[in-house]
Amino acid sequence: TDDYYSAEQCREIAYHIECGLLDAETPDDFKAVLLLGRILLKTGWNLAPTLGIECDDIVRAPSALNPNGTVTVVLQKARAGYRTDGYTFSDPETNAAAMKSAVADLMMVRDTLTASLRESLPLDNPFRTYVFLVDREGLGVERLGASAAKTLTYYLERRGSSLTFDTKKIRKGGVNHLYRQVQKDLQAYEAAAKHNFETFE
């Protein structure tokens, strides 16, 4: 089938993303785009809700047994009647765990790569609350848009890859993989993918 990426194709995309992140000459704006790609590969989330994540949608919840707590990311899904879904992640305590964690990537974008852009905006600026920001030449700071997927495709082409960065193919392959991982248990799949039966079908 060609409507989702194979594991090998996902590895190729991930390889090129990692090369860009390790390159000291990659600007922070583009690192945020690369991390968006890495987050989508790790989670299988849709592009629009991921770009719509606001700073307050990433919530740390410590407990008596776990002072670092877990981190929950809330996504709002427009096509599902603006339903919100929470995805809970363990707090990555080691570098190896952070490499595997989509929430560590989100916090890096929020707290490191786009923090200065956010601070440069007036308090009443509507973009100030969003995690994914970019400084557009001549336009100023604004939310990163859906064109980020095209930017990643262009980047892959420049690196010699024949693959495009297609978020729908990533999502379809990701949820198919999830379904296999939960051994075709529909309830476990629904809890992980936040899909109802109609969407699953």
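How are H1 and H2 oriented to each other, roughly parallel or roughly antiparallel? I would like to take that question as the way into this structure, which, I should say at the outset, is a predicted model.

Let me begin with the helices themselves. Helix H1 covers residues 7-22 and helix H2 covers residues 28-43, and the two pack with their axes 10 Å apart at an angle of about 150°. Since angles over 145 degrees count as roughly antiparallel, H1 and H2 are therefore roughly antiparallel to each other. The crossing in which H1 passes H2 is left-handed. On the H1 side the contact is made by Cys10, Ile13, Ala14, Ile17, Glu18, Gly20 and Leu21, while H2 contributes Lys31, Leu34, Leu35, Gly37, Arg38 and Leu41. Sorted by class, these residues comprise eight nonpolar, two polar and three charged ones.

H2 also has a second helix partner to consider, namely helix H5, residues 102-113, against which H2 packs at an angle of about 160° with the axes 9 Å apart. That angle makes H2 roughly antiparallel to H5, and the crossing of these two helices is again a left-handed one. Here Asp28, Lys31, Ala32, Leu35, Arg38, Ile39, Lys42 and Thr43 of H2 meet Ala102, Asp105, Leu106, Met108, Val109 and Leu113 of H5. By class, the contact of H2 with H5 has eight nonpolar residues, one polar residue and five charged residues. If you follow Lys31, Leu35 and Arg38 on the screen, you will find them listed in the contact with H1 and also in the contact with H5.

Let me turn now to a single residue, Arg159, which sits in the loop between helix H7 (148-158) and helix H8 (167-181). Is Arg159 buried, partly exposed or exposed? With a relative accessible area of 34%, Arg159 is partly exposed. Leaving aside residues up to four places away in sequence, Arg159 touches Tyr15, His16 and Cys19. For Cys19 in particular, the separation from Arg159 is 140 residues in sequence, whereas the C-alpha to C-alpha distance is 9.7 Å.

Finally, some values for the chain as a whole. The protein chain has 10 helices and five strands, and 39% of its 201 residues are buried. Of the contacts between residues at least 6 apart in sequence, 49% join residues that are at least 24 apart. The accessible surface comes to about 11600 Å², with 51% of that area belonging to carbon and sulfur atoms.

Methods. Residues are numbered from 1 along each chain as its sequence is written. This is a predicted model: local features need pLDDT of at least 70, side-chain atom pairs count only at pLDDT 80 or more; totals for chains, interfaces and linings use all residues. Side-chain values use heavy atoms; hydrogens and water are left out. Helices (H or I, at least four residues) and strands (E, at least two) are DSSP runs, numbered from the N terminus. Buried means under 20% relative accessible area, exposed over 50%, partly exposed in between (1.4 Å probe, protein chains only). Contact means heavy atoms within 4.5 Å. Accessible areas come from the Shrake-Rupley method with a 1.4 Å probe; for residues, only the protein chains shown count as cover. Axes are lines fitted to C-alpha atoms, for helices over the stretch in contact, and angles run from 0 to 180 degrees between N-to-C directions. Angles under 35 degrees count as roughly parallel, over 145 as roughly antiparallel, 65 to 115 as roughly perpendicular and the rest as oblique. A crossing is left-handed if the near helix is turned anticlockwise from the far one by less than a right angle, and right-handed if clockwise. Ala, Val, Leu, Ile, Met, Phe, Trp, Tyr, Cys and Pro count as nonpolar, Asp, Glu, Lys and Arg as charged, and the others, Gly among them, as polar.
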